[in-house]
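Here are my notes on the model you sent. They are numbered so that you can reply point by point.

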Amino acid sequence: MLTGSAFSSSQQETIQREFSHLKDKPVFNFNTAYFGPSPLRAKNYMLEMIKEEMDSTYLPYQNWMKTPHEIRESLSKLIPVKKENIFHSTSTTDTNILIAQHYPFAADDYYCVFEGEYPSNVLPYLRRAEKGHFKVKILELPPEGEPIDVSYLQKNLPTKCKALTISHLSFNSGRYTDLSVIGPYLRSRNVMLFVDGTQFVGGHSLSSKEIQYADVYNFSTYKWMLGGYGHAFSYFSDNFFNKLDISHGNWLSEISDVARLTDYSMVDSKNLRPYHLDRGQAANRLLMSALKGSLELFHEIGLSAIEKHNQSLAQHFIKEFQFKKFKLSCAKEEIKHIVCLTCTDKNLNSALALSELQKHQIDASVREGNIRLSFHLFNELPQVEKLLDVLSSTV
Ligand SMILES: Cc1ncc(COP(=O)(O)O)c(C=O)c1O
């Protein structure tokens, strides 16, 4: 049994209040890896924003232009990177398209990913590679139970590998890769490390020990960050940004003085930083309002307490689950807040098991044949007990 809670009683009250809408329907949500529910305060900020949108009389520039900067600043207090190195993107795909088009790869350079990597990290590069700008190599995953470590990379990365993308937490197996283990080796070989943190950040904290090795770190915010669909954060290191062959010009991220909108020399191009890359008019007010709410909540509760809570639920599940017809989809030691189960019984499949869960009002997903269970701050121990009960009595 679990003892104690990672949250104080006032934090528990806050979480209960902010997710009370989930209790209005008899569904247990173990599906944050698909879409994370937003806290109630996100809804309230969105409603305020809609009111303003419907009647924008006297809506001064100053009230909304600075919003993307404020949100960026708030994020930079949660993860250990400078706010100047973060930009607002519309998706992980969006940022990868930007990199694939603007990083000066040589024609014989390899961009590498592991098989089963999320398409946002593959398709933008495959399309660009079709035009001969560089090559893409899909690497085999290590044999079952073995980690992605330095010796595996030594054997499997092609000599001309220029960049490797890895999901910090895999969407279809729940496998976690420690960037501080592979980072020094990649650096020593001059291989850039691009990381997809979509399934990681928000469910877990991000340490400087790990992110220091990332040239790029992207994460879509509609899952564990509890934002809305259509937004992602991207971190570019200065070193990486300076190598990009990109010409950008976005009045909203470059101009701060609205009395001088047509003074086009406001930002000297020599002083451009990654944050100037804010995609399009990423100050989408609906998404910014949702994020404002969820970031506030993350600050109040703290990512390390959330990480502890999520992992204790996931570990409790693993400890109590009777692995008769399923096995874990990755090694036990690699599991954080997503548990994926591979069906080992030929008379059952994951889709059937999922429909049994759904009949009992349990929401989860199946990805690439594995049942995927997500454990986030609003999940509670009795819900995990119910999940265990349903699984043991039906499958
Ligand atoms: C690992 C990972 N990356 C990215 C995404 C979403 O990407 P995008 O923002 O490009 O739609 C998902 C969605 O499931 C994911 O699991």
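1. Helix α15 spans residues 350–359, and its buried residues are Ser350, Ala353 and Leu357. They sit on the same side of α15, because they cover an arc of only 60° around the axis. On the other side of α15, Ala351, Ser355, Gln358 and Lys359 are exposed. Please keep in mind throughout that this is a predicted model.

2. What do the buried residues of α15 pack against? The partners are the strands β10 (338–343), β11 (362–363), β12 (365–367) and β13 (370–374), together with helix α16 (381–394). After α15 comes Gln361, with a positive phi near 55°.

3. Two further residues deserve a look for their backbone angles. Most residues other than glycine have a negative phi. Tyr58 is not a glycine, yet its phi is positive, about 55°. Tyr58 lies in the loop between α3 (40–54) and α4 (61–65). Tyr58 counts as exposed because it has 7 C-beta neighbours inside 10 Å, and the cut-off for exposed is 12 or fewer.

4. Asn190 is the other one. Its phi is also positive, near 65°, and Asn190 is not a glycine either. Asn190 is found in the loop between α9 (179–188) and β6 (192–196). Is Asn190 buried or exposed? Asn190 is exposed, since 8 other C-beta atoms lie within 10 Å.

5. Now the domains. The chain is divided into domain 1 (9–30 + 302–394) and domain 2 (61–299). Their centres, taken over C-alpha atoms, are 28 Å apart. Across the boundary, 19 residues of domain 1 are in contact with 18 residues of domain 2. On the domain 1 side, α14 (303–320) and β10 are the elements that give two or more residues. The largest share of that side, 4 residues, comes from α14. By class, the domain 1 side has 7 nonpolar, 6 polar and 6 charged residues.

6. Next, the core. The largest nonpolar core has 98 residues. Those with the most contacts inside this core are Leu164, Leu193, Val195, Ala214, Val216 and Val339. Helix α13 (residues 285–301) gives the largest share of the core, 8 residues. Domain 1 and domain 2 each supply at least three residues to this core.

7. Val216 is worth following in the viewer. Leaving aside neighbours within four places in sequence, Val216 is in contact with Ile99, Phe194, Val195, Ser234, Tyr235, Phe236 and Phe240. Val195 is itself among the residues with the most contacts inside the core.

8. Ile99 leads to helix α6 (residues 92–102), where Ile99 is one of the buried residues. The others are Thr92, Asp94, Thr95, Asn96, Leu98 and Ala100. What covers the buried residues of α6? The cover includes the strands β2 (86–89), β6, β7 (216–220) and β8 (232–236), and also helix α7 (123–129).

9. Which residues surround the ligand? They are Ser91, Thr92, Thr93, Tyr118, Ser120, Ser167, Phe171, Asp196, Thr198, Gln199, Ser220 and Ala232. By class, this shell divides into 3 nonpolar, 8 polar and 1 charged. Thr92 also appears among the buried residues of α6.

10. Leu387 lies in helix α16. Leu387 is buried, because 23 other C-beta atoms lie within 10 Å, against a cut-off of 20 or more. Not counting residues up to four places away in sequence, Leu387 touches Phe28, Phe30, Phe317 and Ile362. For scale, Leu387 and Gly145 are 242 residues apart in sequence and 25 Å apart in space, C-alpha to C-alpha.

11. Last, Met49, which is in helix α3. Met49 counts as partly exposed, because it has 19 C-beta neighbours inside 10 Å. Which residues does Met49 touch, not counting residues up to four places away in sequence? They are Arg285, Leu286 and Ser289. Met49 and His248 lie 29 Å apart in space, C-alpha to C-alpha, and 199 residues apart in sequence.

Note on methods
Residues numbered from 1 in each chain as written. Predicted model: local features only at pLDDT ≥ 70, side-chain atom pairs only at ≥ 80, totals over all residues. Core = buried A, V, L, I, M, F, W, Y, C linked by C-beta atoms within 7 Å. Domains from an automatic or database assignment. Contact = placed C-beta atoms within 7 Å. Near = placed C-beta within 6 Å. Nonpolar A, V, L, I, M, F, W, Y, C, P; charged D, E, K, R; others polar. Arc of directions from axis to C-beta.
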